[in-house]
Amino acid sequence: MTRTDEEQILGIKVRYEDAIYGIMQYKEKLADLSAAQKQLKKDFEDGKVGGEEFKTTIAAMDERSEEHTSELQSLMRIS
């Protein structure tokens, strides 16, 4: 095996490890968003949050969740 072959293999391993780490981070972010949405829903039901604030915040959380899901799918294709 030549030096460039070894370098390519090491480069692939590093990218693979970076992808795995990224997948873990995005899964954590998605879990955090899900928990925050549940808490917001509970706060809304308890009357602690108004309807407009609830709708706006849920919409922003949904958008962020879609972004994280898209990034997660991209990283999963790499690994």
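Helices here are DSSP runs of H or I at least four residues long, and strands are E runs of at least two, numbered from the N terminus.

**View 1. The whole chain: 2 helices and 0 strands.** Keep in mind that this is a predicted model. The chain has 79 residues, and 19% of them count as buried. Helix α1 takes in residues 3-45, while helix α2 covers residues 51-78. Looking at contacts between residues at least 6 apart in sequence, 69% join residues at least 24 apart. As for the outside, the accessible surface comes to about 6,200 Å², and carbon and sulfur atoms own 53% of that.

**View 2. M61 and the residues it touches.** M61 sits in helix α2. Is M61 buried or exposed? With a relative accessibility of 15%, M61 counts as buried, because the cut-off for that is under 20%. Set aside the neighbours within four places in sequence, and M61 is in contact with L33, A36, Q37 and L40. Take L33 from that list: M61 and L33 are 28 residues apart in sequence, yet their C-alpha atoms are 6.8 Å apart in space.

**View 3. The salt bridge between K42 and D46.** This is one of the 2 salt bridges that the structure holds. Zoom in on the side chains and you'll find the closest N and O atoms 3.0 Å apart. How accessible are the two partners? K42 is partly exposed, at 44% relative accessible area, and D46 is also partly exposed, with a value of 44%.

**View 4. The salt bridge between R64 and E67.** Here the closest N and O atoms are 3.7 Å apart. Both residues belong to helix α2 and lie 3 residues apart, which is about one turn of the helix. R64 has a relative accessible area of 44%, so R64 is classed as partly exposed. E67 has 38% relative accessibility and counts as partly exposed too.

**View 5. A nonpolar patch on the surface.** Which residues form the patch? They are Y16, I20, Y21 and M24, and together they have about 410 Å² of accessible area. For a closer look at one member, pick Y16, which lies in helix α1. Y16 is partly exposed, with a relative accessible area of 43%. That value lets Y16 join the patch, because patch residues need over 30% relative accessible area.

Key
Residues are numbered from 1 along each chain as its sequence is written. This is a predicted model: local features need pLDDT of at least 70, side-chain atom pairs count only at pLDDT 80 or more; totals for chains, interfaces and linings use all residues. Side-chain values use heavy atoms; hydrogens and water are left out. A salt bridge is a side-chain nitrogen of Lys or Arg within 4 Å of a carboxyl oxygen of Asp or Glu. Buried means under 20% relative accessible area, exposed over 50%, partly exposed in between (1.4 Å probe, protein chains only). Contact means heavy atoms within 4.5 Å. Accessible areas come from the Shrake-Rupley method with a 1.4 Å probe; for residues, only the protein chains shown count as cover. Patches are made of residues with over 30% relative accessible area and no salt bridge: like charges are joined within 9 Å, nonpolar side chains (Val, Leu, Ile, Met, Phe, Trp, Tyr) within 5 Å.
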